[in-house]
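I opened the model to look up a few things. My notes follow in the order I took them.

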Amino acid sequence: MPSASSALPRRAAIVGANRIPFARSNGAYARASNQDMLTAALDGLVARFGLAGERLGEVASGAVLKHSRDFNLTREAVLGSRLSAATPTYDLQQACGTSLQTTLQVANKIALGQIESGVASGVDTTSDAPIEVNDDLRRVLLAANRATSTAGVLKALGGLRPGQVVPEIPANREPRTGMAMGEHAAQTAAAWGISRTAQDEITVASHRNLAAAYERGFFDDLLTPFLGVTRDDNLRADSTLEGLAKLRPVFKPAGYSDTEATMTAANSTPLTDGAATVLLASDEWAAERHLPVLAHFVDAETAAVDYVHGDEGLLMAPTYAVPRLLERNGLTLQDFDFYEFHEAFASTILATFAAWEDPIFCKERLGLDEPLGSFDRSKLNVAGSSLATGHPFAATGARIVPTLAKLLHEKSAQEGSDTVRGLISICAAGGQGVVAILEV
Amino acid sequence: MSNDWYSDFVNSGFGKSIAGTVGLPPVPRLRRYEPGQPLLSGAALLGTATADGRVAKVVRSLLTDLGVEVHDDPQAPVGGGSSTSGVAAGIVDATGLSSPADLAEIQGFLTPVMRRIGPSGRVLVIGDVPGEATAPAVRAARRALEGLVRSAAKEARHGATVNLLHVADGAENDVESTLRFFLSSRSAFVHGQRLEVGTVPGFAGSTQGVDWDKPLAGRTAVVTGAARGIGATVATTLRRDGATVICVDIPAAGDALARTANDVGGSALQLDITADHAPSTLLDHAQRHGGLDIVVHNAGITRDKLLANQDRDRWNSVIDVNLNAQLAINDALLTSDVFHRGGRIVTVSSMAGIAGNRGQTAYGASKAGVIGMVDATAPLLVDKDATINAVAPGFIETAMTAAMPVGTREAGRRLSSMAQGGLPVDVAETIAWFAQGASYAVNGQVLRVDGQNYLGA
């Protein structure tokens, strides 16, 4: 197959990675902060590659659910880690696309020769989530703070009312629609007629593939235990279609009955805590240290859709991003050895696949003469994905990138083939999506 | 160790007076090595049993080079004054014995030494290898040293050690790293033992240019089972001596492993050493550091059961981790250029592999097997100027021994000439010495680090 083209002067190498096992919300990591988890993930990476005391080009990370005190989350984590304190950092946030976007940022700087090495990462906790005072109370307290006299303070505090003590807990809802992400996804699933069985099949495959990957030691050099957890604790290795069929739906489009609704707690990702990191570098930097190069970061595309006023599903942006990425690189959807699609919901990736097979959608929405078509589903998420691992929002990209890089590296080593290539797709809140190509 | 309440008590001011009054056995505080520490804390007495002694010259030259005060007369005052007590070391060159009658010279030297030796002092007897003698009287005299040393060790007090070096004919110039180990506080818990320094055919070993403060500088080491306990201390000690350390442990111990690796500025490799791919994965990883000079087979497990209650799975898991994994890795090392010329393999046996231990048939078998492995592998490594040796720890204070029942733990501690458990660093210091390039003449040896434990002594 042809090698993907890229306008960049050089390609960033994916050297390796480390993440902590992902844990279901309010479980094993209930008392761990984003900073704790990110620091642990970084220290595991430092240990794996012998980077103690080293200054890297940068560390880019981010979290979706973030305390206001964590404005410099990544910097604080690096200062608490074994990396040199002279390693610069920044925080980036793009919902579930965060750490694929940080990977893109770090890879681009390496490609441009601005840095030689960097860590892309992401972290999220839904357990140690920030809780804010509600807006009414906040206004009262700020007014009291602004007051210059005792009388003024008392006057402002006189505006306190019992209802103001109700805190605001972050919710997994779109601000502009007030709908939960799962409700959005359920609408899309209904629109594309995605069946319950097809979703459950994706779910079972995810769990089985992840379990098999653990069994063969695939994660031995991608993961470091944390707080006594050695594997993603959402993993159900014995998951079966029959078992999943018994679950009641949790997300229903308006007007749908329980029997018509298709999305359950199993074929939707659970709230999860965790952190993931990827080490990227120039080939030269890796070679100087005799470090492996698993794969190269070729190109990426970010898309957004109007799910508020337009007629597009909240999580359908990757459907638009992929054809743009393919065209720029002169590739077709079938030109990949592995497909890593973030399983926000099983229905989401199935709706994306259905859209690509639909000539009308491809012509009217994507402006394509021919549909993108289908691909060999046996190449999809072969080491499991978010339905099994769980999905700490900002950490998912940095979980997927090294998983795919290692799969490509293994295949290349086994077959000695010229070019081995993989596609990553991640949908994100706010109607956005990030997709990327990796190659060996 | 802080959980040794008895030792803490008899070493406290009040406890000392009580212990003295009622005759409780003392627990000496052992001097242990710190970087920059002088080889000996005071004067040395150096005796020779016969005019044919081969080693005294080398010892004298080492000590005087280091500025140590050396006297031939065991009664000589030391420290520039008239003090006839408080010497740091008594060393006797007992090579060249022609019959048991010559032993009287050694008695004549060591009797005052035993009276004068100070706290954590060193008594070292250096003899010929008994097996090199054919005449019964000669061999009897040589072998007699072992009984002398083991008995004297049981009489030594205040943390002084008594050990025996057998120096092969022609190896007298190859003893420096060994002398330094046995005389220094690195050997704090090595007591009542014998060790052989051999000749290396076709290899002109040299200690020229060795930085004795960083004897492992520039060398890359692998330590298995490095996440915690003795393995973590071995990693720290090798690093202190200058090595770059690859820390290996099972993936489930990865978080502790990462801490060890980052503490020593090395790298962490999460690896089940019993996996088929383990040797190749290990060698692949070592290439990141430009190859491998030192391999420390420290990882080990216990699955204790009385033999009457043992089952096949438990048995096999112990043999696999403690023995088969080491054999497989050694096979790979022997045939790979990643394992450099002059490499060092150090493996961890156990007192249980020598003396046996109730409930530890599998463990004891595996640790005795390790000794067999060392015996057979040592000659195979000669072509690579490499060596393999084993350390056999006795009762060492670790999280594992802290969890023992009080009775078992106390017996383990007190039933030794040192009346205490050793520390992980005592095992680590011995491993670090075996690992030195300068220890090229020490091959195929098993050294107990057990304070002369009474089990199987």
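**Domains of chain B**

I began with the division of chain B, which gives domain 1 (39-197) and domain 2 (220-449). I keep in mind that this is a predicted model. I took the centres of the two domains of chain B over C-alpha atoms and found 30 Å between them.

Next I looked up who takes part in the contact. Domain 1 of chain B puts in 20 residues, and domain 2 of chain B puts in 16 residues. I then stayed on the domain 1 side. Here α5 (136-155), α6 (176-183) and β6 (194-197) of chain B each give two or more residues. The most comes from α6(B), with four residues. I sorted this side of domain 1 of chain B by residue type: nine are nonpolar, six polar and five charged.

**Helix α6 of chain B**

Since α6(B) gives the most to that side of domain 1, I checked its burial. I noted it as mostly covered, with eight of its eight residues buried. I listed them: B:E176, B:S177, B:T178, B:L179, B:R180, B:F181, B:F182 and B:L183.

What lies over them? I found that the cover of the buried residues of α6(B) includes the helices α3 (56-65) and α15 (424-435) of chain B. It also includes the strands β3 (87-93), β4 (117-127), β5 (161-167) and β6 of chain B.

**Chain B against chain A**

I turned to the contact between the chains. I found 17 residues of chain B in contact with 20 residues of chain A. On the chain B side, α8 (254-263) and β9 (267-270) are the elements that give two or more residues. The largest share is that of α8(B), at five residues. By type, I put this side of chain B down as seven nonpolar, eight polar and two charged.

**A glycine in chain A**

My last stop was A:G431. I placed it in the loop between β11 (421-428) and β12 (432-439) of chain A. Is A:G431 buried or exposed? I entered it as buried, because it has 23 C-beta neighbours inside 10 Å, and the cut-off for buried is 20 or more.

Which residues does A:G431 touch, neighbours within four places in sequence left aside? I wrote down A:A304, A:V305, A:D306, A:Y307, A:L314 and A:A317.

I also took one distance from this glycine. From A:G431 to A:N145 I got 38 Å, C-alpha to C-alpha, with their places 286 residues apart in sequence.

Notes
Residues are numbered from 1 along each chain as its sequence is written. Chains are lettered from A and ligands numbered from 1 in the order in which they are written. This is a predicted model: local features need pLDDT of at least 70, side-chain atom pairs count only at pLDDT 80 or more; totals for chains, interfaces and linings use all residues. Two residues are in contact if their C-beta atoms, placed from the backbone, lie within 7 Å. Ala, Val, Leu, Ile, Met, Phe, Trp, Tyr, Cys and Pro count as nonpolar, Asp, Glu, Lys and Arg as charged, and the others, Gly among them, as polar. A residue is buried if 20 or more other C-beta atoms lie within 10 Å of its own, exposed if 12 or fewer, and partly exposed in between; C-beta atoms are placed from the backbone. Domain bounds come from an automatic or database domain assignment.
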